[in-house]
Amino acid sequence: MTTRNKTLIGFAIAAVVLGLVPNVVDVLNAPGFYLTFMFTMFFWISQASSWNILTGYSGYFSFGQGAWFGIGVYTTGILAAKNGWPFLVALPVAGLVGGAAGLLLGLVVFRLRRLSGEIFALTTLAVSFVLASVARLTSLIDGGRGIFMTGTPLPEFLGDFRTSMYRMTLVIALLTVLTAYLIFESRLGWGLFSIRDDEQVARGLGVPTFRYKMIALGTNAFFGALMGGVWALQIGFITVEDVFNIRVPLLVILMAVLGGMRHWMGPVVGAAIIYTLTDRLNSAGLADLNQVIIGALLIVLVLGVREGIYLRIRARWVASAVIFFGAMAVLTVFDVTSSLIWDFSYALLITMVMLLIPTPLWERLTPRRIAEPPGDPPPELPVPSGKAST
Amino acid sequence: MDVDLLAQAVVSGVLIGGLYAMMSIGLSLSWGALKIINLAHFTFILIGAYLTYQLTTSFGIDPFLMIVIVFPLFFVAGALLQLFFEWAKVDEFRSLLISFGLFIIFTSLVRTVWTADFRRISSEDNPYASASIFVFGVALQVPLIAAFIAAVVIAVGTSLALSRTHFGRAVRAVVQDAEMARAFGIDPRRVAVILSGLATAYSGLAGVFIAMFQVLSPTMTFAWFGIVFSVVILGGLGSPYGALGAGIIVGVVGGVATVVWGPLSAPLVTFLLLIAALLFRPAGLFRRSTA
Amino acid sequence: MSLLVCKSVSKRFGGIRALNGVSTSIEEHEILGLVGPNGSGKSTLINVLSGLYTADDGEAQFGDLDLLRLAPEKIAAAGVARTFQIPRPFDTMTVRENVSVSYMFGHRRHSLEAARDAASEWLAFTGLEAAADSPVDQLTLHQLKFLELARALATDPTLLLLDEVLAGLNPTEIEQSIEMIRKIHERGITLVIVEHLLRVVTSLSDRIVVLDQGSVIAAGDPTEVMADPAVVAAYLGGRAPDARGA
């Protein structure tokens, strides 16, 4: 069986297992915050993965995730809450509006003859600010009054509010990650990687760079806005300040950088780790410390783990699995903490410490065979991990 | 249209443009000359402002005296930061991420020390906040006049230093070719450290002036992002005069937009200006694009 | 029959005329040597023909297409490939991936699976199979130059523009490279070679075009052209011919 089929079966299993979680929670009568915890994680996984399709694959650094997210939030806000559209009709429209906005931006900036990466990054930053100003000024959108989403009816078959949120975010997150994977394993993906490495050379070898960058930006904006559309419900009362701020782009960058921007799984892993960390620090009442830790983590990772945590996990998968599941087992069996979420975060932290050991030191500490995963043949075309992964 | 109001808007726009320039020169130098897109400059301004608030409030120091305290202090901080960047050997992209990390850390430290509450120097400690000079019926706030003068001094001084002095030649040599500069006996590291110290000190000074007439909060940096980046890009990277000119343009455009379309339109107009500049004059308004 | 016909191709950089109305043609299946002193416009011509620079004026007829009006990716799709004097590999990819990507796009579109096999073939042809799965930063300059060749060949070109393939190589490596250029030519690919080592160019080329200050000053049989007084004068006025020897 090819790696591709294996991965697709993996997606199917993940979809079924995760899809059944609300029923399990229901049967076990477990507290509902497990679902909230998970669907917030799905939100971030989707945001980080969609951002990575543009920035990780093509190398065009974007601060614009907040803009796509905000377009999604306001589209469902306006259509569903203000104009009474059925939510599930408004939602895809949110994605499409976001995608169209992304393409519009691309049409302008990617046509520039001398577009440097930094200028692209700052343009995307400026776009969020412009959108915020437009929303604030236009009474049709917000006009400084905000939009109430509470009371927007959701279809019965999705279940109660929490379960509905869980199911919608799960579907979108799976679609985003699946898209990221399919692009990763396609000509489009390789074309984008070549743009990231040397755009001039890529064009000279026949890569249709303009079209590919447009597709990447459009896909990024589409999924960012689609998930934003769902998230309007969770925000409840939509204001410009809550939507178009620096939080979404900040965390998304952090997640993808931490997880690794050169692989489709990187942002997934990064989002899971960063979200768990911030969530736990916030619930422990350490919101400010939280920020300090996140900032420090970003610096340490940019300097120390350039290839990202995900490729480190692959290189040290035995140690990672043993430590993570060992810690989980010990923590749950001896009931050290009050909840599974705490167990999960401690196990993550302990594993992270091991992963932060620099590669040269790690190789001296371990026998050679542990570093090479047996039974995990390289994919059809190996990951574009480059020099950093070896 | 009320002509008096418009005149007032233009004149205050010019003055606040000086402040914008001072807030931007540090980032512009760091980006243009050191190839480090240092987002931490926003927090340097913030910390400069809070430090001014704290020292004037606790010890009754005259706000203007803070200039001589903040400048050397921030110079040293900037020099140390540059040593860190040199040690880490970061490229432009990584510098953006690392300084983003610093930005987050410094912002939350400010929030921890001074809380998220609004802070303002009391009028006893800061007689300048409400002081204005009237020229032809147009009110000019004293802190803004001072900031404008300081910005002009900084822009002219830095420009002269870059064009006329030995240090300036060393900077230009290093920017063009660090290896070649080394061959001529210039230590690129020393040049970078001094330049980073200056850039940081300028940002700290901007904070001093902000503390003199504005209400401080840890999130005020977000509002600065757009303005400062507009000024840096419009002015051209690494150009002190450019930053001054662009600061004044952004200040006037924002002021006029406020009078004509209301206060909320100012950022929108500023960013549209920025986007237009990015599209049509990526090298800045005052420099001929090199083909 | 002419494969490519250039008519008054011009390119200015500011006030400098890098190409001043270059007219020449490239015949099918030939090896054309493009020589001239430093700054004579050889590399600029390659850059204009491959679409890296936009020409100010002129045309370059390649079949029905005018290369000067095409985007670089369209030029590649038309069957024109090039190499860079200073190798520019995709540096987060392995050697094999570099060549695969090139095969996927290039002259015709191919799937990922096909690209893997084709890459092996071109890596074997250029003698890089041992290094196939190494990251590119482990290659020597000589290997990087061959990777440039493998990547250009993988686009399946009818016309290949080689920009100073030999620069920076030692005598043994130069010998191997000349062998490689002959092997490429035997596959029926038309070659334009820009080279400083005149002895190598004259022995390899079927025909030579000499550029000086952006204009063609001589063209034709290698030995005759190199004896042309105008050519000698251009070289003596610029830089001594074949200073580095072969």
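**Group meeting: how the chains and helices pack**

Let's start right in the middle of chain A, where A:Gln65, A:Gly66 and A:Phe69 of H3(A) meet A:Val248, A:Pro249 and A:Val252 of H11(A). By class, that contact has 4 nonpolar and 2 polar residues, and no charged ones. Before I go on, keep in mind that this is a predicted model.

So how do those two helices sit? The axes of H3(A) and H11(A), the latter being residues 247-259, come within 7 Å and cross at roughly 125 degrees. At that angle they are therefore oblique to each other, and the crossing is right-handed.

Okay, zooming out to the whole of chain A. The domain assignment splits it into domain 1, residues 1-244, and domain 2, residues 246-380. Their C-alpha centres lie 23 Å apart. Where they touch, domain 1 of chain A puts in 24 residues and domain 2 of chain A puts in 21.

If you want to find the domain 1 side on the screen, look for helices H1 (3-28), H2 (33-58), H3 (65-82) and H6 (161-184) of chain A, each of which supplies at least two residues. The largest share of that side, 12 residues, comes from H2(A). As for chemistry, the side of domain 1 that touches domain 2 divides into 12 nonpolar, 11 polar and just 1 charged residue.

Now the neighbours. Chain B first: 33 residues of chain B are in contact with 29 residues of chain A. Which helices of chain B each supply at least two residues of that side? They are H4 (92-114), H9 (220-235) and H11 (265-280) of chain B. H4(B) has the largest share, with 15 residues. By class, the chain B side has 24 nonpolar, 6 polar and 3 charged residues.

Then chain C, on another contact of chain A. Here 25 residues of chain A are in contact with 27 residues of chain C. On the chain A side, helix H7 (187-197) and helix H8 (199-204) each supply at least two residues, and H7(A) gives the most, with 6. The classes on this side of chain A come out as 9 nonpolar, 9 polar and 7 charged.

While we're on chain C, a quick word on its build. Chain C has 9 helices and 10 strands. Its radius of gyration is 18 Å, close to the 18 Å that the globule rule gives for 246 residues, so chain C is as compact as a globular protein of that length. Along its principal axes, the C-alpha trace of chain C spans about 55 × 40 × 35 Å.

Last stop, back in chain B, for another helix pair. Are H1(B) and H2(B) roughly parallel or roughly antiparallel to each other? Helix H1, residues 3-34, and helix H2, residues 40-59, pack at an angle of about 150 degrees, with their axes 9 Å apart. Anything over 145 degrees counts as roughly antiparallel, and H1(B) and H2(B) are therefore roughly antiparallel. Their crossing is right-handed.

On the H1(B) side, the contact is made by B:Met23, B:Gly26, B:Leu27 and B:Ser30, and on the H2(B) side by B:His41, B:Phe44 and B:Ile45. Sorted by class, that gives 4 nonpolar, 3 polar and no charged residues.

That's what I have; happy to rotate the model if anyone wants another look.

Methods: Residues are numbered from 1 along each chain as its sequence is written. Chains are lettered from A and ligands numbered from 1 in the order in which they are written. This is a predicted model: local features need pLDDT of at least 70, side-chain atom pairs count only at pLDDT 80 or more; totals for chains, interfaces and linings use all residues. Two residues are in contact if their C-beta atoms, placed from the backbone, lie within 7 Å. Helices (H or I, at least four residues) and strands (E, at least two) are DSSP runs, numbered from the N terminus. Ala, Val, Leu, Ile, Met, Phe, Trp, Tyr, Cys and Pro count as nonpolar, Asp, Glu, Lys and Arg as charged, and the others, Gly among them, as polar. Axes are lines fitted to C-alpha atoms, for helices over the stretch in contact, and angles run from 0 to 180 degrees between N-to-C directions. Angles under 35 degrees count as roughly parallel, over 145 as roughly antiparallel, 65 to 115 as roughly perpendicular and the rest as oblique. A crossing is left-handed if the near helix is turned anticlockwise from the far one by less than a right angle, and right-handed if clockwise. Domain bounds come from an automatic or database domain assignment. The radius of gyration is taken over C-alpha atoms; the globule rule is 2.2 Å times the number of residues to the power 0.38.
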